[in-house]
Amino acid sequence: MTLSQDDELLLNAYLDGELNPLEARSFEAGLASEPALAGEIEAYRLLRSALRSDLAEDVPSPGLKRRIMSSPALRPPRHIPAWGSLAASFLAGAVLAGSITLGALHRQAGDEIASEVVSAHIRGLMAPISLTAIPAGKEAAAPPRSHEERGFLARTWTQGGVTYFAVSDAAVEELEAFVKLFRAEVARNG
């Protein structure tokens with residue numbers, strides 16, 4: 001018997017159990033009136049059975065499993081310390097944010113600078129924390145101040161003739177810890 005494409009799709013759906021109960025009953029009623037279709041179903045079942053009978057023989061040997069699992073490509077990646085990742089992200093964000101905003105920041109002052117730094121951070125969200133450093137000129141050292149803009153927290157301070165802006169969408173405690181560590185490092189190397 002030659003099946004139409006629709007009949008073949010319906011037959012496969014029936015064999016795979018993909019028909020709802022109403023469709024399955026209707027198909028089975030058609031089987032009773034078409035003995036040739038019943039023969040096709042039996043041929044499909046025999047073919048599936050023959051194809052599945054060889055599956056158990058295709059199990060890989062334990063030696064092959066060991067060689068595959070010991071492959072360098074499947075080894076877990078080296079653990080990179082969190083501070084190394086943070087430093088790399090910080091550096092990438094700082095370079096990007098600093099280069100984008102340097103020209104605009106020389107012409108502005110005060111909280112307008114913080115606004116521009118936050119905008120640069122938003123444009124360059126390559127890292128969870130970005131830091132921009134601007135020469136302070138004649139400004140005296142100043143303790144950290146907080147700015148909040150567009151959902152981002154910015155900490156600003158002047159130290160060693162440089163005004164720093166750290167911008168993050170991380171938790172306040174994480175940004176505070178970063179600023180504290182960064183200020184201590186600047187003071188130590190300053």
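These are my notebook entries on salt bridges, one polar contact and one surface patch in a predicted model.

**Entry 1, salt bridges.** I began with the charged side chains and counted three salt bridges in the model. I then went through them one by one, noting where each partner sits and how far each is covered.

**Entry 2, R48 and D16.** I looked up R48 and found that it forms a salt bridge with D16, with the closest N and O atoms 2.6 Å apart. This pair links distant parts of the chain, since R48 belongs to helix α3 (residues 35-53) while D16 lies in the loop between α1 (5-15) and α2 (21-33), 32 residues apart. For D16 I noted a relative accessible area of 40%, so I entered this residue as partly exposed.

**Entry 3, R155 and E176.** Next I turned to R155, whose side chain meets that of E176 in a salt bridge at 2.9 Å, N to O. Here too the pair links distant parts of the chain: R155 is in strand β3 (residues 152-159) and E176 is in helix α7 (residues 172-189), with their positions 21 residues apart in the numbering. Is R155 buried or exposed? I have R155 down as buried, because its relative accessible area is 11% and the limit for that class is under 20%. E176, by contrast, counts as partly exposed at 30% relative accessibility.

**Entry 4, R188 and E185.** Staying with helix α7, I checked R188 and E185, whose side chains meet in a salt bridge at 2.1 Å, N to O. The two residues are three apart in helix α7, which means that about one helical turn separates them. I recorded R188 as exposed, with a relative accessible area of 63%, and E185 as partly exposed at 34%.

**Entry 5, S168.** I then moved to S168, which has its place in strand β4 (residues 162-168). What does the side chain of S168 lie 2.7 Å from? I found that a polar atom of this side chain is 2.7 Å from the backbone nitrogen of A170. S168 has a relative accessibility of 1%, and I therefore list S168 as buried.

**Entry 6, nonpolar patch.** Last, I looked at the surface, where L64, I68 and M69 make a nonpolar patch of about 280 Å². Of these residues I followed up L64, which lies in helix α4 (residues 62-69). L64 has a relative accessible area of 31% and is partly exposed; this value matters for the patch because membership requires over 30% relative accessible area.

Notes:
Residues numbered from 1 in each chain as written. Predicted model: local features only at pLDDT ≥ 70, side-chain atom pairs only at ≥ 80, totals over all residues. Heavy atoms only, no water. Patch = residues over 30% accessible without salt bridge, like charges linked within 9 Å, V, L, I, M, F, W, Y side chains within 5 Å. Areas by Shrake-Rupley, 256 points an atom, 1.4 Å probe, with all protein chains shown as cover. Helix = DSSP H or I, 4+ residues; strand = E, 2+ residues; numbered from the N terminus. Buried < 20%, exposed > 50% of the residue type's maximum accessible area, 1.4 Å probe, protein only. Polar contact = N/O pair within 3.5 Å; in protein donor to acceptor, adjacent residues only side chain to side chain.
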